Structure formats: C-alpha cells, structure tokens
Amino acid sequence: DDQIERERVSQCLSGGCCALAAIYLMGKFYVANAGDSRAIIIRNGEIIPMSREFTPETERQRLQFLAFLRPELLGKEFTHLEFPRRIQPKELGKKILYRDQNMNGWAYKKVEEDDLKFPLICGEGKKARVMATIGVTRGLGDHDLKPFSSNIHIKPFLSCSPEVRVYDLTQYEHCPDDVLVLGTDGLWDVTSDKEVASVVMEVLMSYEPNDLCRYTMVAQELVVRSRGVLKERGWRLANNKLGSSDDISVFVIPLGGPGNYT
C-alpha cells in the first residue's frame with residue numbers, strides 16, 4: 001500500500017483494489033483477505049468459510065470509532081453517527097433513532113444541528129457507502145479518493161491490513177473433489193456458498209479424478225453462470241434474475257491429488 005502511494009504520481013496510477021491471497025506453507029493454507037472478495041473450502045461437500053467481507057456495514061463500529069477520536073477527518077460535512085434515514089432541518093428538536101461506535105442496537109436522541117450533516121456511513125447491504133463514495137473498507141490504494149465536490153480524503157478510514165485464516169491440510173485426508181475456491185465479489189453477489197459448492201460437485205463429477213483441467217472447468221462454469229445469458233433486458237441468470245455486473249474472477253485450487261482419492 002505504501003509502494004502504491006509512492007508510485008501513484010510517477011506512474012500516473014490512481015484508484016485501488018481489494019486483495020485476496022492464499023499461501024501454502026509447510027502443510028498449511030494461509031488465506032489473507034482485505035476487501036469484499038471471498039474464499040471458501042469445500043471438503044466432502046461441507047462448506048468451510050476462509051474469509052469474511054470488509055464493508056461499511058461489517059466495519060461500522062471501527063469506522064465510527066476512528067471518526068469519534070479524530071473528528072477533523074470528517075471536515076464540517078459529515079457526522080460519525082448513523083441514522084435510519086436522512087434527517088431534515090424541520091426535524092430539529094424532535095427525537096430520532098441513532099447509533100454510535102459503542103452501540104449494536106438503536107436508541108433515541110434529540111436532533112441537533114450537527115445531525116443534519118451527511119452520515120459517515122449511509123445505505124444498507126451492497127449499497128452501503130463510506131462518505132457516500134466507496135463500498136469496501138479494506139484494500140490497496142485509493143490514496144487520492146475524495147467524496148464528490150469535497151476535499152476530504154477517505155483513505156484514513158480504509159485499511160490495507162488483511163484478516164488471515166489458517167487451514168491445516170495435515171489434519172484431514174483430502175480427495176481430488178476437495179477444493180479451495182477464491183472469488184471476487186462479482187461471483188458472490190449473485191451466487192451463494194451453497195450454489196458454488198453445488199456447481200463444484202456437478203462439474204468435478206463429469207471428469208476423471210486425475211484430469212487436472214477439471215478445476216479450470218469448474219472456475220469457468222462459475223464465471224459463466226454468474227454472468228448469465230445476454231437477453232433483451234440485459235444479462236440474466238437461469239432464474240431470470242440479473243446476472244453479475246461486476247468483475248468475476250475465480251480460482252479453484254485442489255486440496256488433494258489423485259493418489260488421495262478414496
């Protein structure tokens with residue numbers, strides 16, 4: 001992340017990205033995630049999560065706590081408090097639900113002038129944004145990112161530190177159908193863990209255990225099904241819902257070789 005900051009001017013690079021990495025070392029898989037990509041292990045049909053997404057919703061309290069400690073990061077445009085909806089000036093003095101960095105639930109407070117500022121976190125689910133701008137809270141880059149028509153930098157709220165989970169391969173006997181799936185949010189936006197596991201099993205069963213192309217074909221099938229088919233009303237999935245409009249990158253990594261097949 002520091003290198004990106006140093007080179008962003010000399011190499012004319014802007015923007016940022018999430019990062020999901022898997023490293024095999026001495027019998028263990030280390031999976032590191034910074035962003036909203038996801039990794040799961042499918043072992044004997046069981047789904048084992050190997051990451052969690054970092055979004056304004058999942059990291060709400062961290063973001064609000066930083067804003068509480070350093071209010072200068074918000075300028076005079078944002079408030080660290082969260083409200084169920086945007087407050088109107090005519091509601092000054094009235095009571096409204098809110099929550100801060102110490103709260104999981106909601107409480108009532110009397111609306112003050114500062115509460116009319118735009119909230120640090122707004123929206124729900126995939127529409128949640130930090131300063132109405134970015135929907136992911138960990139990753140690399142974005143050093144120059146600012147809200148529209150503002151000089152406030154969002155970077156202080158974005159972390160490049162990944163969460164690391166460890167999976168010990170030596171504790172289990174894996175067969176060629178046991179895999180680690182790494183995918184960007186374009187896959188997971190429209191496909192659940194269970195649906196991914198189903199596609200993995202379906203495709204792997206159509207190939208011999210020692211045919212290494214089977215894993216590439218699984219990844220390809222996951223991409224194709226998540227993108228959907230182009231119809232008159234856009235890209236559609238098999239259930240006629242909208243296909244993913246985001247980047248879809250998928251890796252399928254076998255955990256056991258042909259010799260381990262039982």
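This section describes the fold, one open sheet, a strand pair, loop residues and salt bridges of a predicted model.

The chain has five helices and 17 strands. Of its 262 residues, 43% count as buried. The C-alpha trace spans about 70 × 45 × 40 Å along its principal axes. The UniProt record, an unreviewed entry, lists residues 1-255 as "domain: PPM-type phosphatase". Over residues 1-255, helix accounts for 20% of the chain and strand for 26%. The end C-alpha atoms of that stretch are 31 Å apart.

Four strands form an open sheet, in the order β5-β4-β14-β17. The pairing is antiparallel. Strands β5 (46-49) and β17 (250-254) stand at the edges. Each has a single partner strand, so one side of each is left without a neighbour in the sheet. Neighbouring strands of this sheet are turned by 20 degrees against each other on average, direction ignored.

Strand β14 (residues 179-183) pairs on both sides. Five bridges join β14 to β17 in the antiparallel sense. Strand β4 (residues 38-43) also pairs with β14 over five bridges, again antiparallel. Individual contacts fix the register. G183 has V250 of β17 as a bridge partner, and V181 has V252 of β17. On the β4 side, the bridge partner of R38 is G183. Five of the five residues of β14 are buried, so this strand is largely enclosed by the rest of the structure. V179, V181 and G183 point one way from β14. L180 and L182 point the other way, and all are buried.

Strand β7 (residues 95-98) gives another pattern. In a regular strand the side chains alternate between the two faces of the sheet. In β7, I96 and Y98 point to one face and are buried. K95 and L97 point to the other face and are not buried. Four bridges join β7 to β8 (residues 107-110), and the two strands run antiparallel. Within this pair, Y98 has A107 of β8 as its bridge partner.

Several loop residues were examined individually. N44 lies in the loop between β4 and β5. Its phi is positive, about 55 degrees, although N44 is not a glycine. N44 is exposed, with a relative accessible area of 74%. S149, in the loop between β12 (140-141) and β13 (163-168), also has a positive phi, near 55 degrees. S149 is exposed, at 63% relative accessible area. I152 lies in the loop between β12 and β13 as well. With a relative accessibility of 9%, I152 falls under the 20% limit and therefore counts as buried. I152 and A22 are 130 residues apart in sequence and 34 Å apart in space, C-alpha to C-alpha.

A nonpolar patch lies on the surface. I23, L25 and M26 form this patch, with about 370 Å² of accessible area together. M26 sits in the loop between β2 (19-25) and β3 (28-34). At a relative accessible area of 78%, M26 is exposed.

A search of the whole structure finds 21 salt bridges. One of them joins E82 to R99, with the closest N and O atoms 2.7 Å apart. This pair links distant parts of the chain. E82 is in the loop between β6 (78-79) and β7, and R99 is in the loop between β7 and β8, 17 residues apart. Both partners are buried: E82 has 10% relative accessibility and R99 has a relative accessible area of 17%.

E91 forms a salt bridge with R85, at 2.6 Å between the closest N and O atoms. Here E91 is buried, at 12%, whereas R85 is partly exposed, at 46% relative accessibility. A further salt bridge joins R225 and E202, with the closest N and O atoms 2.7 Å apart. R225 lies in helix α5 (residues 213-227) and E202 in helix α4 (residues 193-204), so the pair ties together parts that are 23 residues apart in sequence. R225 is partly exposed, at 36% relative accessibility. E202 is also partly exposed, at 43%. Finally, D36, K126, D185 and D189 are linked in a network of salt bridges.

Technical notes. Residues numbered from 1 in each chain as written. Predicted model: local features only at pLDDT ≥ 70, side-chain atom pairs only at ≥ 80, totals over all residues. Heavy atoms only, no water. Patch = residues over 30% accessible without salt bridge, like charges linked within 9 Å, V, L, I, M, F, W, Y side chains within 5 Å. Areas by Shrake-Rupley, 256 points an atom, 1.4 Å probe, with all protein chains shown as cover. Salt bridge = Lys/Arg side-chain N within 4 Å of Asp/Glu carboxyl O. Buried < 20%, exposed > 50% of the residue type's maximum accessible area, 1.4 Å probe, protein only. UniProt positions renumbered as here; feature names shortened; annotations may be inferred. Pairing = 2+ DSSP bridges. Axes fitted to C-alpha atoms, helices over the stretch in contact; angles between N-to-C directions.
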